[in-house]
Amino acid sequence: MKLVAVGVSHRTAPVELRECVDFAREGVDAALAAIARRGAAREVVVLSTCNRAEIYAAAENDAAADTFGRFISEYHKLPHETVAPHLFVRRGAEAATHLFRVAAGLDSLVVGEPQILGQVKEAFATASALKHTGAITNRLFTSAFTVGKRVRSETGLGEGAVSVSFAAISLARKILGDLKGLDVLILGAGEMAKLTGVHLQAQHVKQLTIASRTLATAEALARRLNGRAVPWSSLGDALSAADIVVTATGATEPVLTRARVEEAMRPRRNRALFVIDIAVPRDVDAAVGDLDQVFLYNIDDLQSIVQENLARRAAELQRAEQIVREEVERFIAWVQSREIIPTVIALRQRFEAIRQAELQRLESKLSGLPPEARARVDEITHLIVEKLLLTPTEQLKAVNDEAMVVAYADALNRLFSLADDKSKSDGTQQQQKVSS
């Protein structure tokens with residue numbers, strides 16, 4: 001079985017394409033079922049987030065990678081020539097390394113962000129519940145969870161906000177405490193607004209409301225975040241109801257003027273409003289911060305937080321990458337043992353079968369020997385076989401290169417026709433099962 005990872009991410013594809021290959025839109029379970037119908041792999045897990053659409057599989061041959069790449073295009077009804085330039089393919093140790101880095105937050109748009117580990121766990125749980133996983137993917141994802149936990153417990157990579165959107169939420173928590181039970185309004189539906197929404201979703205806010213000049217865009221983001229969308233014409237009411245407002249519209253002029261916010265504050269009866277403007281240029285008139293019970297922070301207020309935490313995390317990256325390497329080595333050693341052990345067993349069985357056959361052939365010449373001498377012949381021939389197999393067995397177990405392990409195992413299977421022995425053995429076992 002060959003481990004393969006195929007997909008697109010924020011590192012390989014623009015947001016416009018990532019939006020088009022979102023497996024979560026139709027449901028990951030539907031994608032898993034569609035892949036299973038193609039019969040490309042026995043074990044498959046689909047990971048779909050706002051920044052990646054990836055397929056991890058244990059397949060019989062290397063051709064599965066191309067099958068999965070074409071599946072991503074065809075499933076989403078896109079020309080393959082549009083998707084192909086943005087696909088990445090990882091095999092074996094590289095596939096494991098990629099997943100482990102994803103689970104650790106090292107491959108995220110925001111390095112160290114905590115949400116991704118939960119998303120990886122959810123992807124595996126879905127595939128496992130639907131019986132699409134097996135020995136290799138079970139071990140792979142269990143190891144990935146270990147990496148994620150180790151990076152979070154043994155390094156400081158997850159401490160502090162290193163994106164403006166995450167810094168905004170961190171600041172809100174610092175001032176307001178627990179965000180549960182609060183109403184949050186996001187103005188805008190672009191990438192920054194989406195990332196902020198993901199962070200807010202993790203805080204389990206009471207209500208997440210999206211407002212954008214294009215209602216359809218707001219509705220699309222609201223569906224993704226399990227929130228609600230409101231038309232731009234209802235912005236005044238949404239402002240009055242919100243506890244926190246995050247603005248990220250990309251407009252060239254302020255969308256929240258002092259007059260508009262002042263009007264929204266009248267029915268609030270001195271209930272505070274926390275406004276975070278993360279847009280460039282600014283979405284909120286600076287004069288809004290002069291209003292009573294309105295607390296305004298803009299991107300400049302957040303940048304110092306981000307820079308300080310970035311410097312702190314940089315020192316932790318090296319340790320996090322070392323953890324990934326350690327766990328990849330453990331996983332690959334386990335995979336190699338699965339490749340080597342059956343071959344070693346089959347090779348020993350072949351040599352033992354030859355020894356027994358030769359003793360049987362010489363039975364007429366050995367029959368005259370006393371029992372002690374016959375036992376000695378049996379012992380000597382057994383020791384000869386053991387000595388002949390000792391060096392190749394040790395050499396096989398000492399190979400660290402995954403491709404070399406596969407090559408050696410394949411060569412031994414071909415040279416000694418071990419596959420034929422396995423087939424006969426499987427056939428005999430099957431006959432025994434049927435007759436019993």
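N226 is found in the loop between α10 and β7. In this predicted model, N226 has a positive phi of about 55°, although N226 is not a glycine. The residue is exposed, with a relative accessible area of 66%. A second residue, R269, has a positive phi of about 55° and is likewise not a glycine. R269 is found in the loop between α12 (258-265) and β9 (273-277). With a relative accessible area of 76%, R269 is exposed.

## Strands β5, β6 and β7

The loop that holds N226 leads from α10 to β7, and these two elements belong to a unit with β6. Helix α10 covers residues 215-224, and together β6, α10 and β7 make a right-handed β-α-β unit. β6 and β7 (residues 228-231) pair in the parallel sense over four bridges. Within this pairing, R228 in β7 is the bridge partner of T209.

On the pairing with β5 (residues 183-187), β6 again runs parallel, and five bridges join the two strands. V184 stands opposite L208 in β6. The chain gets from β5 to β6 through helix α9 (residues 191-202), in a β-α-β crossover that is right-handed.

How much of strand β6 is covered? Five of the six residues of β6 (residues 207-212) are buried, which makes the strand mostly covered.

## The antiparallel sheet

Four strands form an open sheet in the order β2-β3-β1-β4, with antiparallel pairing. Which strands stand at the edges of this sheet? β2 (43-49) and β4 (88-91) do; each has a single partner strand, so one side of each is left without a neighbour in the sheet. From one strand to the next, the twist averages 15°.

Eight bridges join β1 and β3, which pair in the antiparallel sense. As one example of the register, G7 stands opposite E54 in β3. Two helices are placed against these strands. Helix α2 (residues 28-38) packs on the sheet and touches β2 and β3, and its direction makes about 145° with that of β2. Helix α7 lies across β1, β2 and β3, running at about 40° to β2.

S9 belongs to strand β1 (residues 2-9). Is S9 buried or exposed? S9 has a relative accessible area of 2%, so it is buried, the limit for that class being under 20%. Not counting residues up to four places away in sequence, S9 touches R18, N51, R52, E54 and F88. E54 also appears in the strand pairing, where it is the residue opposite G7.

## Aromatic contacts

A search of the whole structure finds ten aromatic pairs. One of them is formed by Y56 and F141; this pair is edge-to-face, with 5.7 Å centre to centre and 85° between the planes. Y56 lies in strand β3 (residues 52-59) and F141 in helix α7 (residues 135-154), so the pair ties together parts that are 85 residues apart in sequence. Y56 is buried, with a relative accessible area of 0%, and F141, at 1%, also counts as buried.

Ring pairs link Y56 and F141 with F124 and F145 into a cluster. At F145 there is also a charged residue: K121 lies over the face of that ring, at 5.9 Å from the ring centre.

## A residue in β10

L296 is found in strand β10 (residues 294-298). At 21% relative accessibility, L296 counts as partly exposed. Leaving aside neighbours within four places in sequence, the contacts of L296 are V275, D277, V284, D285, A286, V288, G289 and D301. L296 and R224 are 72 residues apart in sequence, and their C-alpha atoms are 27 Å apart in space.

## Accessibility of the residues discussed

The table collects the relative accessible areas of individual residues.

| Residue | Relative accessible area | Class |
|---|---|---|
| S9 | 2% | buried |
| Y56 | 0% | buried |
| F141 | 1% | buried |
| N226 | 66% | exposed |
| R269 | 76% | exposed |
| L296 | 21% | partly exposed |

Notes. Residues numbered from 1 in each chain as written. Predicted model: local features only at pLDDT ≥ 70, side-chain atom pairs only at ≥ 80, totals over all residues. Heavy atoms only, no water. Buried < 20%, exposed > 50% of the residue type's maximum accessible area, 1.4 Å probe, protein only. Contact = heavy atoms within 4.5 Å. Pairing = 2+ DSSP bridges. Right-handed = clockwise from strand over helix to strand, strands pointing away. Phe/Tyr/Trp six-rings, centres within 6.5 Å; stacked < 30°, edge-to-face > 60°. Lys NZ or Arg CZ within 6 Å of the ring centre and 35° of its normal. Axes fitted to C-alpha atoms, helices over the stretch in contact; angles between N-to-C directions.
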